[in-house]
Amino acid sequence: MPAKTRHIGAMHVVTNRIRRGEKEYTATLLRRSYRQDGKVKKETLANLSHLPAEAIDAIRRVLAGESLMSADDAFEIERSLPAGHVNAALIMARRLGLAELLDPRSSRDRDLCMAMIVSRVISPGSKLSTVRSLGQSTLASELGVEGVDEDDLYAAMDWLYERQARIEDRLAKRHLNVGEMVLYDVSSSYFEGRACPLGKLGYSRDGQKNLPQIVYGLLCDKHGRPVSIEVFSGETHDDKTLPAQVRKVKDRFGLARVTVVTDRGMVTKANIETLTATEGVSWITALKAPTIKKLVRDGIFQPSLFDQQNLGEITDVNEFPGERLIVCRNPLVGAQRARKRTLLLDATEQELAAIKTRVDKGTLLGSAQIGLAVGPALKRFHVKKHFDIHISDMEFTYQRKQEQIDTEAALDGFYILRTNHTAAEVPAGDVVRTYKNLEQAERAFRSLKGPDLQIRPIHHHLENRVRSHVLICMLAYYLTWHLKAAWKPLLFTDENRPENDDPVAKAVRSPEAETKARTKQTTDGGTAHSYQTLLSELATQTRNRTRLAGRTDTFEKLTQPTALQAQALKLTTNAPVVIK
């Protein structure tokens with residue numbers, strides 16, 4: 001008999017479904033069709049049912065003649081840049097009309113200034129550092145400032161400085177209303193270098209006594225949004241900065257009525273006379289400690305009367321005519337100061353005792369040598385005024401001035417506010433609450449000096465560049481203030497801080513904020529963040545430049561946002577902002 005002939009046919013994948021009762025069974029098979037002796041037959045080569053659907057689909061496509069490649073073979077990611085934090089900052093900046101605040105007309109200088117402001121928010125550093133960091137995120141391409149160098153930024157800073165007054169005028173129009181209060185406080189930051197005329201030695205709030213510094217005064221609205229900043233040379237005393245701010249508020253900002261809230265460091269007789277003589281200007285400030293002690297000596301203020309109350313008013317028509325003096329007593333602050341004083345006195349006494357032991361043993365003799373040892377010990381903890389010291393060539397004795405210590409301790413926890421507002425205009429409790437709002441200006445300085453914005457150290461040599469640098473930092477804080485306000489639900493920040501019925505008592509946090517702090521979680525169960533860690537999380541969303549295999553053209557695509565990133569962007573987009 002002739003041999004049977006068999007012709008090889010095509011392989012294919014089939015899926016069979018069989019229903020048995022209410023159940024349906026599926027079998028996916030790899031089969032082959034072939035012809036034998038003139039007849040078409042089929043053969044099952046393998047059962048593919050156990051394979052994933054993706055693998056079965058790939059086998060189908062290969063058998064259909066398609067060429068498959070891996071994702072690595074199909075795409076090449078040429079570059080990945082952090083983008084999420086840039087997007088969030090730019091969304092808020094555009095909602096605030098920040099570019100239009102700088103100048104209504106679009107220009108390259110305006111774009112460069114926006115780049116410096118946003119860069120300081122997301123990655124603060126020197127101008128040289130800014131040049132390099134612009135290309136390390138999507139910021140440069142978003143603002144169209146790729147390829148800039150330091151000279152470009154310096155020229156833009158000069159452009160910005162020329163517009164400072166108009167920028168501040170626009171901010172004041174937006175945030176300061178007639179009759180409202182403005183917050184004013186002063187701080188300082190140190191220089192690296194000695195070429196700038198503004199850099200002088202002065203009272204350093206940075207603990208850098210041997211470095212030149214500048215002093216700058218910040219005006220904020222009642223919510224702490226910055227409106228204006230002015231730079232003074234480093235030796236300038238705080239009180240010398242206030243008259244310029246009064247003129248600015250009245251003449252430039254055109255506020256017919258305003259209340260200036262400022263710290264006790266601004267209180268001088270000349271400044272009070274200036275404030276009082278300026279029509280439409282009211283003020284709230286506080287007395288310095290020596291003045292409070294004088295009130296006690298003169299019998300005007302008797303601390304014992306406040307053992308059962310923490311708020312009251314006194315008058316001194318001779319020294320403070322036409323003013324109200326509002327006495328506040330905070331027992332918690334008093335106890336804290338008492339503990340601190342005791343620790344400082346004990347530490348000083350311990351060092352003095354060690355010196356006395358050396359003198360008594362004869363290992364330290366001579367009034368000059370003993371004095372050299374005693375001086376630093378008395379200065380170290382700043383309580384020299386509370387010790388009586390006697391030094392001779394052979395003897396050293398010391399004792400506490402207990403009566404003086406007791407007199408000072410009697411004033412622990414007390415502070416006295418002064419204002420020219422009448423009780424009908426502003427009740428005593430509201431005066432206290434208003435003065436406490438200065439905390440908002442102090443918060444601004446912490447942000448300016450801390451990791452948020454890093455205003456210091458200052459490296460610029462030209463006076464106007466220093467002023468422009470400080471203005472950029474203020475505008476960056478303006479943007480930061482709004483970002484922090486928008487992201488409150490994601491931060492440890494108290495979203496609904498309750499108003500204390502007792503204006504003098506320590507501020508309390510809401511139960512929700514306490515829960516955040518304890519559990520490290522937001523109210524919706526997510527991870528609670530600090531401002532800095534949230535920025536870092538947003539920066540992990542990247543924009544990728546991708547090229548198809550075998551082609552030269554590219555396309556860019558953002559990675560899908562995480563739930564946290566999507567929520568932060570949504571809050572940024574929907575946050576209320578003030579635009580006039």
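Helix H8 packs against helix H18 through Tyr-154, Met-157, Asp-158, Leu-160 and Tyr-161 on the H8 side, which meet Asn-464, Arg-465, Arg-467, Ser-468, His-469, Leu-471 and Ile-472 on the H18 side. Keep in mind that this is a predicted model. Besides that helix pair, here's a quick tour of two cavities and the second largest pocket.

**Where H8 meets H18**
- H8 covers residues 150-161 and H18 covers residues 463-486; their axes come within 9 Å and cross at roughly 80°.
- Since angles of 65 to 115 degrees count as roughly perpendicular, H8 is therefore roughly perpendicular to H18.
- Sorted by class, the residues in the contact of H8 with H18 come out as six nonpolar, three polar and three charged.
- Among the H8 residues in this contact are Tyr-154 and Tyr-161, and Arg-465 and Arg-467 are among those from H18.

**The second largest pocket**
- How much space lies in the second largest pocket? The volume is about 350 Å³.
- There are 17 residues in its lining, and the ones nearest the centre are Lys-269, Ile-272, Glu-319, Phe-320 and Arg-418.
- Helix H11 (residues 269-277) gives the largest share of that lining, with four residues.
- Chemically it's a mixed bag: six nonpolar, five polar and six charged residues line this pocket.

**The largest cavity**
- If you're counting cavities of 30 Å³ or more, there are two.
- The largest cavity takes up about 40 Å³.
- Its walls come from Thr-493, Asp-494, Glu-495, Asn-496, Ser-510, Glu-512, Ala-513 and Lys-516.
- What does that lining look like by class? Four residues are charged, three are polar and one is nonpolar.

**The second largest cavity**
- The second largest cavity holds about 30 Å³ of space.
- Ser-119, Ile-122, Ser-123, Ser-133, Leu-134, Ser-137 and Leu-139 form its lining.
- Which elements give two or more residues to this lining? They are helix H5 (108-122) and helix H6 (127-134).
- You won't find charged residues in the lining of the second largest cavity, which splits into three nonpolar and four polar.

Key:
Residues numbered from 1 in each chain as written. Predicted model: local features only at pLDDT ≥ 70, side-chain atom pairs only at ≥ 80, totals over all residues. Heavy atoms only, no water. 1 Å grid on protein atoms, 1.4 Å probe; cavity = no way out; pocket = protein on both sides within 12 Å on 5 of 7 lines; lining within 4 Å. Points joined across faces, edges and corners; volume = space filled by probe spheres on them. Nonpolar A, V, L, I, M, F, W, Y, C, P; charged D, E, K, R; others polar. Axes fitted to C-alpha atoms, helices over the stretch in contact; angles between N-to-C directions. Parallel < 35°, antiparallel > 145°, perpendicular 65-115°, else oblique. Contact = heavy atoms within 4.5 Å.
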